[in-house]
Amino acid sequence: MENKLTIGKVAAAAEVNVETIRFYQRRGLLAEPPKALGGFRYYDEAAIERVRFIKRAQTLGFSLEEVIGLLALQQSNACKQTHDAAVLKLQLVEERIKDLNRIRTTLKILVKQCEVGPTAVTCPIIESLSHS
């Protein structure tokens, strides 16, 4: 890939849209290069890798604030701190999974109650939400 990349080329290579690049710049996740003589801003290939890093971290559930921390750790090569951040994120994911499993179980019960047919209650789901 060439060294003088426009924002559109960076976005295409990183598989995001241009507004995502601009958003990352406003949030301080990606530096905005100075304008060249033609009025264009030219990026290097490192910008593509940075955007890909951000997107992969988000896919793992890291918030943009957490990604900022990971990017700082990437520059300092702090494996222990990165590990600790990942362990914390894993704990949060495990808690979310437990919550989602509980929600799934409750919804299955309520849906089954509705499917059984008419009962003394108007609607088991509405009744459950009204008195829980």
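These legends describe close-up views of a predicted model.

**View 1. Phe 23 and Tyr 24 form a tilted aromatic pair.** The whole structure holds 2 aromatic pairs. In this one, the ring centres lie 6.3 Å apart. The planes meet at 50 degrees. An angle between 30 and 60 degrees is neither stacked nor edge-to-face, so the pair counts as tilted. The two partners differ in cover: Tyr 24 is buried, at 2% relative accessible area, whereas Phe 23 is partly exposed, at 32%.

**View 2. Phe 40 and Tyr 42 make a tilted pair.** Their ring centres are 6.2 Å apart. The angle between the planes is 45 degrees, so this pair is tilted. Phe 40 is partly exposed, with a relative accessible area of 48%. Tyr 42 is partly exposed too, at 31%. Tyr 42 also has a charged partner: Lys 4 lies over the face of its ring, 5.1 Å from the ring centre.

**View 3. Lys 89 sits over the face of Phe 62.** The distance to the ring centre is 5.5 Å.

**View 4. Glu 15 has a positive phi.** The angle is near 60 degrees, and the residue is not glycine. Most residues other than glycine have a negative phi. Glu 15 belongs to the loop that links helix H1 (7-14) to helix H2 (18-26). Its relative accessible area is 72%. The cut-off for exposed is over 50%, so Glu 15 counts as exposed.

**View 5. Leu 100, Ile 103 and Leu 107 make a nonpolar surface patch.** The patch covers about 270 Å². Ile 103 is part of helix H5, which spans residues 79-116. Ile 103 is partly exposed, with 36% relative accessibility. Patch residues must have over 30% relative accessible area, so Ile 103 passes that cut-off.

**View 6. Lys 35 lies in the loop between H2 and helix H3 (45-59).** Lys 35 is exposed, at 55% relative accessibility. Beyond its neighbours within four places in sequence, Lys 35 is in contact with Phe 40 and Arg 41. Phe 40 is also a member of the tilted pair with Tyr 42. Cys 79 is 44 residues from Lys 35 in sequence. In space, the two residues are 36 Å apart, C-alpha to C-alpha.

How values were computed
Residues are numbered from 1 along each chain as its sequence is written. This is a predicted model: local features need pLDDT of at least 70, side-chain atom pairs count only at pLDDT 80 or more; totals for chains, interfaces and linings use all residues. Side-chain values use heavy atoms; hydrogens and water are left out. Rings of Phe, Tyr and Trp (its six-membered ring) pair if their centres lie within 6.5 Å; planes under 30 degrees apart count as stacked, over 60 as edge-to-face and the rest as tilted. Buried means under 20% relative accessible area, exposed over 50%, partly exposed in between (1.4 Å probe, protein chains only). A charge sits over a ring if NZ of Lys or CZ of Arg is within 6 Å of the ring centre and within 35 degrees of the ring normal. Helices (H or I, at least four residues) and strands (E, at least two) are DSSP runs, numbered from the N terminus. Patches are made of residues with over 30% relative accessible area and no salt bridge: like charges are joined within 9 Å, nonpolar side chains (Val, Leu, Ile, Met, Phe, Trp, Tyr) within 5 Å. Accessible areas come from the Shrake-Rupley method with a 1.4 Å probe; for residues, only the protein chains shown count as cover. A salt bridge is a side-chain nitrogen of Lys or Arg within 4 Å of a carboxyl oxygen of Asp or Glu. Contact means heavy atoms within 4.5 Å.
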